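This report goes through selected side chains, one strand and the aromatic pairs of the chain shown below, and then turns to the chain as a whole.

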Amino acid sequence: MGFAVMTMTEAAATRVKAIVANSGPDAQGIRIGIKKGGCAGMEYTIDLVKEADAKDDLIEFSGAKVWVQPSAVLYLLGTQMDFEATKMRSGFTFNNPNQTSACGCGESVELQAADLAALAKQREAANA
């Protein structure tokens, strides 16, 4: 049995559904990716999905659809996506166990590929 690349909170699902609802009839969800950039080396990317790509991993929760680009999967395994709105900012946040550091402003991160052996052990322990 497989497992989801990442999970999302109810707040993230609510925000994804709001983005889709306000983006026209062709909008289906959002796509998460990783690109090189920022002072820490990598940045999360978020794009509107109007046409799904069969190569992407699909995560569905509470009616929200999030696709993950194949090149980002190893960096996002075990990640929980959330949405927060504070007095200073609002946006998606990522609780990513593969993050090793972040820049001071929080806009870029340093990521390492997930340890697949450790994930398999965690999964075995959870199923025992």
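The side chain of Thr9 makes a polar contact with the side chain of Asp82, at 2.6 Å. These positions come from a predicted model, not from an experiment. Thr9 sits in the loop that leads from strand S1 (6-8) to helix H1 (10-21). Is Thr9 buried or exposed? Its relative accessibility is 15%, and because buried means under 20%, Thr9 counts as buried. Apart from neighbours within four places in sequence, Thr9 is in contact with Phe61, Gln80, Met81, Asp82 and Phe83. Asp82, the polar partner of Thr9, is thus one of the residues on that contact list.

A second loop residue can be described in the same terms. Asn96 lies between strand S7 (90-95) and strand S8 (99-102). Its side chain reaches the backbone oxygen of Tyr75 at 2.9 Å. With a relative accessible area of 7%, Asn96 is buried. When residues up to four places away in sequence are not counted, Asn96 touches Tyr44, Tyr75, Leu76, Thr79 and Leu111. Tyr75 therefore appears both as the residue whose backbone oxygen is reached and among the residues touched by Asn96, which is itself buried at 7%.

The two polar contacts are set out here.

| Side chain | Partner | Distance |
|---|---|---|
| Thr9 | side chain of Asp82 | 2.6 Å |
| Asn96 | backbone oxygen of Tyr75 | 2.9 Å |

Next comes strand S5. Strand S5 covers residues 64-68, and four of its five residues are buried. Which strands pair with S5? Strand S2 (residues 29-37) runs parallel to S5 and is joined to it by three bridges. In this pairing, Ile32 stands opposite Val68 in S5. Strand S4 (residues 57-61) pairs with S5 in the antiparallel sense, over five bridges. Here Leu58 stands opposite Trp67 in S5. S4 and S5 form a hairpin with two residues between the strands, and in this hairpin Ser62 takes a positive phi near 50°. As a general point, side chains in a regular strand alternate between the two faces of the sheet.

The aromatic rings are the next topic. How many aromatic pairs are there? The count comes to two. Tyr44 and Phe94 form a stacked pair, 4.2 Å from centre to centre with 20° between the planes. This pair links distant parts of the chain, since Tyr44 is in strand S3 (residues 41-49) and Phe94 in strand S7, 50 residues apart. Phe94 has a relative accessibility of 14%, so it counts as buried. Phe83 and Phe92 form an edge-to-face pair, 5.5 Å from centre to centre with 70° between the planes. Both Phe83 and Phe92 are buried. Members of these pairs also turn up around the loop residues: Phe83 is among the contacts of Thr9, and Tyr44 is among the residues touched by Asn96.

Last, the chain as a whole. Its secondary structure comes to three helices and nine strands. From the N terminus on, the elements run β-α-β-β-β-β-α-β-β-β-β-α. The chain has 128 residues, of which 34% are buried. Of the contacts with a separation of 6 or more, 54% are between residues 24 or more positions apart. The chain exposes about 7700 Å², and carbon and sulfur atoms supply 51% of that area.

Note on methods. Residues are numbered from 1 along each chain as its sequence is written. This is a predicted model: local features need pLDDT of at least 70, side-chain atom pairs count only at pLDDT 80 or more; totals for chains, interfaces and linings use all residues. Side-chain values use heavy atoms; hydrogens and water are left out. Buried means under 20% relative accessible area, exposed over 50%, partly exposed in between (1.4 Å probe, protein chains only). A polar contact is a pair of N or O atoms within 3.5 Å; within protein, one must be able to donate a hydrogen and the other to accept it, and residues adjacent in sequence count only if both atoms are side-chain atoms. Contact means heavy atoms within 4.5 Å. Two strands pair if DSSP finds at least two bridges between them. Rings of Phe, Tyr and Trp (its six-membered ring) pair if their centres lie within 6.5 Å; planes under 30 degrees apart count as stacked, over 60 as edge-to-face and the rest as tilted. Accessible areas come from the Shrake-Rupley method with a 1.4 Å probe; for residues, only the protein chains shown count as cover.
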